[in-house]
Amino acid sequence: MADEAKAAGTSVLERFTQFKEQHEHEQDVRESIRTVVREIEAVNRDLERILQGCHTTPPASLAKLLAPVPGLLEAARGYFAELVTKFPAEEYYRYNGHWRNTMQQLVFLAAWHKFLVDGTLLLLEDFEALLQSDGKQFPVDLEDYLLGVALLPSELGRLAKNSVTLGAFERPQVIYTFVSELYSGFRLLNLKNDGLRRRFDGLKYDIKALETTVYDLSIRGLLPQQPTAMDVGGASA
């Protein structure tokens with residue numbers, strides 16, 4: 001019995017020695033991932049700092065404001081190309097919690113930039129292409145894309161109000177049309193009671209605020225007759 005107990009104890013120690021090695025390896029992987037994600041977060045902060053300038057920049061000056069954005073998006077592409085080398089492809093969902101919020105924020109910022117450039121929506125395939133490097137594609141979850149896009153209407157609502165101050169009276173109508181179409185698109189989805197559903201519910205308030213802004217301009221006779229998507233600014237990237 002003593003020998004059996006000793007053997008069992010040895011077996012447990014051997015197993016925990018293996019667990020220790022596995023745990024240390026996984027911690028190393030996670031730390032290497034966090035290191036790259038911190039670089040992407042820094043890019044996101046730079047992008048947001050630039051894009052926030054749209055609230056005080058006349059449409060005619062947007063191109064100059066947005067000039068650094070493509071270079072920052074290229075930097076993000078490089079970091080995601082590095083990130084994909086830090087974990088085995090089959091273990092994507094073991095580690096993706098480290099970058100999901102950061103990716104959603106990048107989707108939002110890239111979509112914001114896209115709208116400022118041509119008044120259209122950044123599609124999932126557009127964002128996937130943005131992260132493609134040397135023929136390799138970083139995986140992008142549809143939910144992360146949708147969560148990022150759902151952040152856009154709130155910021156565009158701010159832009160609509162600030163555009164009135166800048167005298168860009170055509171912008172609120174363009175933004176209202178865009179956000180209304182986006183809202184209709186989200187309504188097509190069978191959303192559960194989760195984070196995406198909560199963000200979708202918030203779109204209703206964004207729509208209401210935009211309706212108020214457009215109505216105020218309308219009763220003052222300040223709306224142009226036929227605003228187009230390019231009236232948002234038409235900045236070239």
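Colleague: Where along the chain does histidine 55 sit?
Modeller: Bear in mind that this is a predicted model, where local features need pLDDT of at least 70 and side-chain atom pairs count only at pLDDT 80 or more, while totals for chains, interfaces and linings use all residues. Helices are DSSP runs (H or I, at least four residues; strands are E, at least two), numbered from the N terminus. Helix H2 covers 62–66, and H1 runs over residues 2–51. Histidine 55 belongs to the loop between H1 and H2.

Colleague: Is that histidine 55 buried or exposed?
Modeller: The yardstick is relative accessible area: under 20% is buried, over 50% is exposed, and anything in between is partly exposed (1.4 Å probe, protein chains only). Histidine 55 comes out at 5% relative accessibility. Because of that low figure, histidine 55 counts as buried.

Colleague: How far is histidine 55 from asparagine 162 in space?
Modeller: For bookkeeping, residues are numbered from 1 along each chain as its sequence is written, and side-chain values use heavy atoms, with hydrogens and water left out. Along the chain, histidine 55 and asparagine 162 are 107 residues apart. In space, though, their C-alpha atoms are separated by 5.8 Å.

Colleague: And what separates alanine 42 from glutamate 155?
Modeller: Alanine 42 is back in helix H1, and at 25% relative accessibility alanine 42 counts as partly exposed. Glutamate 155 is 113 residues away from alanine 42 along the chain. From C-alpha to C-alpha, the gap between alanine 42 and glutamate 155 is 20 Å.

Colleague: How far apart in space are aspartate 46 and valine 69?
Modeller: Aspartate 46 is another helix H1 residue, and its relative accessible area of 31% makes it partly exposed. Valine 69 is 23 residues away from aspartate 46 in sequence. Going C-alpha to C-alpha, the spacing of aspartate 46 and valine 69 is 8.8 Å.

Colleague: On to the charged side chains: how many salt bridges does the structure hold?
Modeller: As general background, side chains of opposite charge can pair when their charged atoms come close. Here a salt bridge means a side-chain nitrogen of Lys or Arg within 4 Å of a carboxyl oxygen of Asp or Glu. By that rule, the salt bridges in the structure number 13.

Colleague: What is the closest N to O spacing between lysine 20 and glutamate 24?
Modeller: These two are four residues apart in helix H1, about one turn of the helix. Glutamate 24 is partly exposed, at 38% relative accessible area. In the salt bridge of lysine 20 with glutamate 24, the closest N and O atoms are apart by 2.7 Å.

Colleague: Why are arginine 34 and glutamate 31 about one helical turn apart?
Modeller: Their side chains meet in a salt bridge, with 3.3 Å from N to O. Arginine 34 is partly exposed at 29% relative accessible area, as is glutamate 31 at 34%. The turn's separation arises because both are in helix H1 with a sequence spacing of three residues.

Colleague: Which residue forms a salt bridge with glutamate 74?
Modeller: Here we move to helix H3, residues 69–83, where glutamate 74 has its partner three residues apart, about one turn of the helix. Glutamate 74 is partly exposed, with 43% relative accessible area, and the partner counts as partly exposed too, at 21% relative accessibility. The closest N and O atoms of the bridge are 3.1 Å apart. The partner of glutamate 74 is arginine 77.

Colleague: Which residues are linked in a network of salt bridges?
Modeller: We have already met pairs, such as lysine 20 with glutamate 24 and arginine 34 with glutamate 31. The network brings in four other names, glutamates and arginines alike. Its members are Glu26, Arg30, Glu91 and Arg94.

Colleague: Last one: what is the relative accessible area of valine 12?
Modeller: Valine 12 is found in helix H1, which also holds alanine 42 and aspartate 46. Valine 12 counts as partly exposed. The relative accessible area of valine 12 is 46%.
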